[in-house]
Amino acid sequence: MTTVAILDYGSGNLRSAERAVASTGAEVTVTADPDIVLNADGLLVPGVGAFAACMDGLHRVQGPRMIGSRLAGGRPVFGICVGMQVLFERGVEFADGPHTPDEVPDARPVGIPGCAEWPGTVDRLEASVLPHMGWNTVDVDAGSKLFEGLSEEERYYFVHSYAARDWKLTDTGRIAAPLVHWAEHDGCRFVAAVENGPLWATQFHPEKSGDAGLKLLQNWVDTL
């Protein structure tokens with residue numbers, strides 16, 4: 001049986017994620033035990049709350065090291081919501097003005113360091129209504145395995161005020177170029193999901209997205 005570890009680092013929403021992944025037929029364990037996390041067929045990194053708090057929780061259980069070790073060995077990792085955001089270099093919360101290092105000459109990068117599996121900064125959405133909360137479609141890149149069997153009209157459940165608003169990684173060297181899927185809220189375009197070799201992630205919550213979300217999780221489990 002396929003095994004999936006859900007990383008328990010103090011973030012909420014663990015039980016709904018556990019139930020959703022278990023519905024795929026996988027054997028699911030909610031844990032921070034390094035042996036289980038490193039040896040499971042798949043690792044799911046949930047995320048609810050603020051970027052800084054999630055990074056604090058990850059550091060307490062050595063989450064960045066375990067995520068990095070899995071990916072170095074080509075072992076699949078799936079991030080959800082803030083569990084996706086922490087995969088980037090930095091996250092900015094409740095700050096005004098320019099946020100990326102190239103926009104702040106002669107200054108240190110602004111924000112909280114993330115796991116740095118992807119370059120870029122998770123920034124506040126430029127929207128008049130925040131949080132972005134509710135159902136939205138996703139502009140899916142061609143050739144997706146994550147969204148296989150799902151129509152373009154499917155809607156997924158989002159709840160966030162921050163996201164990656166651009167994508168910097170184009171050439172991974174060893175694996176095919178990432179597939180990057182986008183969504184838009186109030187005129188602000190942002191990264192909604194990524195498939196990058198063994199590292200997949202969604203800004204939305206598949207475990208709260210009804211049958212479409214369960215199908216998406218099934219697609220991931222089927223690749224493990």
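**Exercise 1. Val21 and its setting**

Task: In this predicted model, determine in which element Val21 is found, and whether Val21 is buried or exposed.

Solution. Step 1: Val21 belongs to helix H1, which covers residues 14-22. Step 2: The relative accessibility of Val21 is 1%. Step 3: The cut-off for buried is under 20%, so Val21 counts as buried. Step 4: For a view across the chain, take Pro178, which is 157 residues from Val21 along the sequence. The C-alpha atoms of Val21 and Pro178 are separated by 24 Å.

**Exercise 2. A salt bridge within helix H1**

Task: Identify the partner of Glu18 in a salt bridge, and describe how the two residues are placed in H1.

Solution. Step 1: The partner is Arg15, and the closest N and O atoms of the pair are 2.9 Å apart. Step 2: That distance satisfies the criterion of within 4 Å. Step 3: Both residues lie in helix H1, three residues apart, which corresponds to about one turn of the helix. Step 4: Glu18 has a relative accessible area of 22% and is therefore partly exposed. Arg15, at 48% relative accessibility, is likewise classed as partly exposed.

**Exercise 3. Salt bridges elsewhere in the chain**

Task: State how many salt bridges the rule yields, and determine which residues are linked with Glu126 in a network.

Solution. Step 1: The count comes to four salt bridges. Step 2: Glu126 and Arg165 form one of them, with an N to O distance of 3.2 Å. This pair links distant parts of the chain, since Glu126 is in the loop between E7 and E8 and Arg165 is in the loop between E10 and E11, 39 residues apart. Step 3: Glu126 is exposed because its relative accessible area is 59%, whereas Arg165, with 27%, is partly exposed. Step 4: The network of salt bridges links Asp123, Glu126 and Arg165. Step 5: A further salt bridge joins Asp166 to Lys168, with the closest N and O atoms 3.6 Å apart. Asp166 is partly exposed at 34% relative accessibility, and Lys168 is partly exposed with 38%.

**Exercise 4. Strand pairing**

Task: Establish the order of the four strands in the open sheet, and specify which strands form its edges.

Solution. Step 1: The order is E6-E5-E7-E10, and the pairing is mixed. Step 2: The edge strands are E6 (112-113) and E10 (162-164), each of which pairs on one side only. Step 3: At the E6 edge, E5 (residues 88-91) is joined to E6 by two bridges, and the two strands run antiparallel. Within this pairing, Arg90 stands opposite Pro113 of E6.

Task: Determine the sense in which E1 and E2 pair, and whether E1 is largely enclosed or open.

Solution. Step 1: E1 and E2 (residues 27-31) pair in the parallel sense over five bridges. Step 2: Thr3 has Glu27 in E2 as its bridge partner. Step 3: Four of the five residues of E1 (residues 3-7) are buried, so this strand is largely enclosed by the rest of the structure.

**Exercise 5. Backbone geometry in loops**

Task: Locate the cis peptide bond that precedes Pro131, and state the phi values of Gln62 and Asp186.

Solution. Step 1: The bond from Leu130 to Pro131 is cis, with omega near 0°. Pro131 occupies the loop between E7 (118-124) and E8 (132-136). Step 2: Gln62, a residue other than glycine, has a positive phi near 60°. Its loop runs between helix H3 (51-60) and helix H4 (63-72). Gln62 is partly exposed, given its relative accessibility of 44%. Step 3: Asp186, also a residue other than glycine, has a positive phi near 55°. Asp186 is placed in the loop between E11 (179-185) and E12 (188-196), and at 42% relative accessibility Asp186 counts as partly exposed.

**Exercise 6. A charged surface patch**

Task: Name the residues that form the negative surface patch, and decide whether Glu153 is buried or exposed.

Solution. Step 1: The patch consists of Asp139, Asp141, Glu152 and Glu153. Step 2: Glu153 lies in the loop between E8 and E9 (156-160). Step 3: The relative accessibility of Glu153 is 60%. Step 4: The cut-off for exposed is over 50%, so Glu153 counts as exposed.

Note on methods. Residues are numbered from 1 along each chain as its sequence is written. This is a predicted model: local features need pLDDT of at least 70, side-chain atom pairs count only at pLDDT 80 or more; totals for chains, interfaces and linings use all residues. Side-chain values use heavy atoms; hydrogens and water are left out. Two strands pair if DSSP finds at least two bridges between them. Buried means under 20% relative accessible area, exposed over 50%, partly exposed in between (1.4 Å probe, protein chains only). Patches are made of residues with over 30% relative accessible area and no salt bridge: like charges are joined within 9 Å, nonpolar side chains (Val, Leu, Ile, Met, Phe, Trp, Tyr) within 5 Å. Accessible areas come from the Shrake-Rupley method with a 1.4 Å probe; for residues, only the protein chains shown count as cover. A salt bridge is a side-chain nitrogen of Lys or Arg within 4 Å of a carboxyl oxygen of Asp or Glu. Lys and Arg count as positive and Asp and Glu as negative; His and the chain ends are not counted. The place of a charge is taken as NZ of Lys, CZ of Arg, CG of Asp or CD of Glu.
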